Amino acid sequence: MSAARKSMKLLFVSTPVGPLGSGLGGGVELTLHNIAQAMVRRGHQLQIVAPSGSIEDSLPLVQIPGNLQITAQSQERTASVTMPENSVLANMWDYARQVQGEFDLIVNFAYDWLPFYLTPFFQRPIAHLVSMGSLSDALDQIIRQVAKQFPRTIGFHSLEQAATLALDQQFFCLSNGIDVSLYEFCAQPKQQLAWVGRISPEKGLEDAVAVAEKTNIPLKIMGKLQDESYWQQICQDYPNAPFEYLGFLSTSQMQQVMRECRALLMTHRWVEAFGNVAIEALACGVPVISYRRGGPAEIVKDGKTGFLVEPDNIAGLVHAISHLDEINRQTCRASAETEFSLEALGDRFERWFMQILDC
Ligand code: HBI
């Protein structure tokens with residue numbers, strides 16, 4: 001710990017849509033874990049608050065009971081804010097209110113109205129890491145309100161994500177990062193492609209399955225099966241496509257499959273805030289073929305670490321696959337090691353947190 005960098009006491013308050021480790025929290029689960037690891041490695045103290053049933057192997061965790069929040073992406077844009085009886089979101093933030101005096105900074109990982117609304121009522125500053133692009137008018141409005149009242153406390157993962165919120169105040173763009181040592185480089189892939197993510201309409205899995213059918217290259221699908229009817233529809237629409245669903249795997253199991261793929265396909269319909277799976281693929285040396293939309297468009301170097309394709313253009317995905325031999329898989333790995341490592345992630349988040357505490 002350099003003298004200049006004092007140790008911070010951080011309280012991380014997780015997403016209320018599912019326990020850590022359940023997969024319901026999507027990318028936020030890995031993101032929270034990685035930022036926590038990066039902060040602890042730099043000598044900061046930290047406590048994680050998350051719904052009961054959460055799993056955190058080596059980090060201090062407080063589990064809070066209560067009913068989960070409805071996922072924001074399943075709501076209409078004009079939907080009112082809803083809170084279930086005995087809300088785990090409310091219970092987590094009541095706990096944060098009670099213990100805030102023991103911490104320097106609270107970090108909010110929930111994409112929900114309540115933590116933003118509560119910000120002025122807290123004695124301690126709250127850093128809000130916004131995990132998705134604009135989805136609801138009520139949330140857009142409260143985020144803009146907090147950005148105005150508490151400059152520098154709003155963080156995003158990508159510029160395109162931030163642009164959907166159209167904040168004219170200063171915000172932080174933090175990208176993201178992973179523990180690259182958990183991913184093993186593979187120079188000689190099998191004739192297969194990967195698709196990784198929550199199986200839900202906004203992720204556009206059907207396009208990747210259509211590519212598998214057109215190219216007859218087997219597609220390995222991994223991730224939380226969140227929308228059963230959506231999955232059944234894909235299975236009905238593409239009875240002969242060569243795809244296999246491997247389930248929601250641990251990082252170690254997922255990377256063992258991912259690393260042997262020729263490429264990762266990213267077919268998201270929405271403005272993906274970042275796309276953790278893209279940097280996980282790069283860490284394995286796997287090129288990323290992605291729609292030019294959202295975070296992945298700021299991760300993939302077109303023609304160097306993969307290809308960016310016109311959004312929703314399946315023929316474009318197929319064309320990119322035919323050029324995969326132009327990509328050097330070592331370049332993909334190097335990109336993860338330099339830009340998206342835990343060290344780089346820690347630098348960005350520590351700078352953000354220090355800026356909030358210094359003001
Ligand atoms: N919905 N209401 C709500 N709150 C969240 O924190 C939330 C969500 N939907 C998805 C989600 N978080 C994460 O899976 C993504 O932000 C990555």
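Which residue has a backbone N or O atom 3.0 Å from a nitrogen atom of the ligand? In this predicted model, that residue is Ile70. The structure is a prediction in which local features require pLDDT of at least 70 and side-chain atom pairs count only at pLDDT 80 or more, whereas totals for chains, interfaces and linings use all residues. Residues are numbered from 1 along each chain as its sequence is written, and side-chain values use heavy atoms, with hydrogens and water left out.

Two further polar contacts (pairs of N or O atoms within 3.5 Å) involve the ligand. A polar backbone atom of Tyr111 lies 2.9 Å from a ligand oxygen atom, and a polar side-chain atom of Asp112 is 2.7 Å from a ligand nitrogen atom. Of the 390 Å² of accessible area that the ligand has on its own, the protein covers 95% (Shrake-Rupley method, 1.4 Å probe). The ligand is surrounded by 18 residues, of which Thr15, Gly25, Ala72, Asp112 and Ser131 come nearest (a residue is near if one of its heavy atoms lies within 4 Å). This shell comprises eight nonpolar, eight polar and two charged residues; Ala, Val, Leu, Ile, Met, Phe, Trp, Tyr, Cys and Pro count as nonpolar, Asp, Glu, Lys and Arg as charged, and the others, Gly among them, as polar.

Helix packing was also examined, with helices taken as DSSP runs (H or I, at least four residues) numbered from the N terminus. The axes of α1 (residues 27–41) and α13 (residues 342–358) come within 9 Å and cross at roughly 80° (lines fitted to C-alpha atoms over the stretch in contact, with angles from 0 to 180 degrees between N-to-C directions). The two helices, α1 and α13, are therefore roughly perpendicular (65 to 115 degrees). Their contact (heavy atoms within 4.5 Å) includes Ile35 and Met39 of α1 and Phe349 and Phe353 of α13. By class, seven nonpolar, three polar and two charged residues form the contact of α1 with α13.

Notes. A polar contact is a pair of N or O atoms within 3.5 Å; within protein, one must be able to donate a hydrogen and the other to accept it, and residues adjacent in sequence count only if both atoms are side-chain atoms. Angles under 35 degrees count as roughly parallel, over 145 as roughly antiparallel, 65 to 115 as roughly perpendicular and the rest as oblique.
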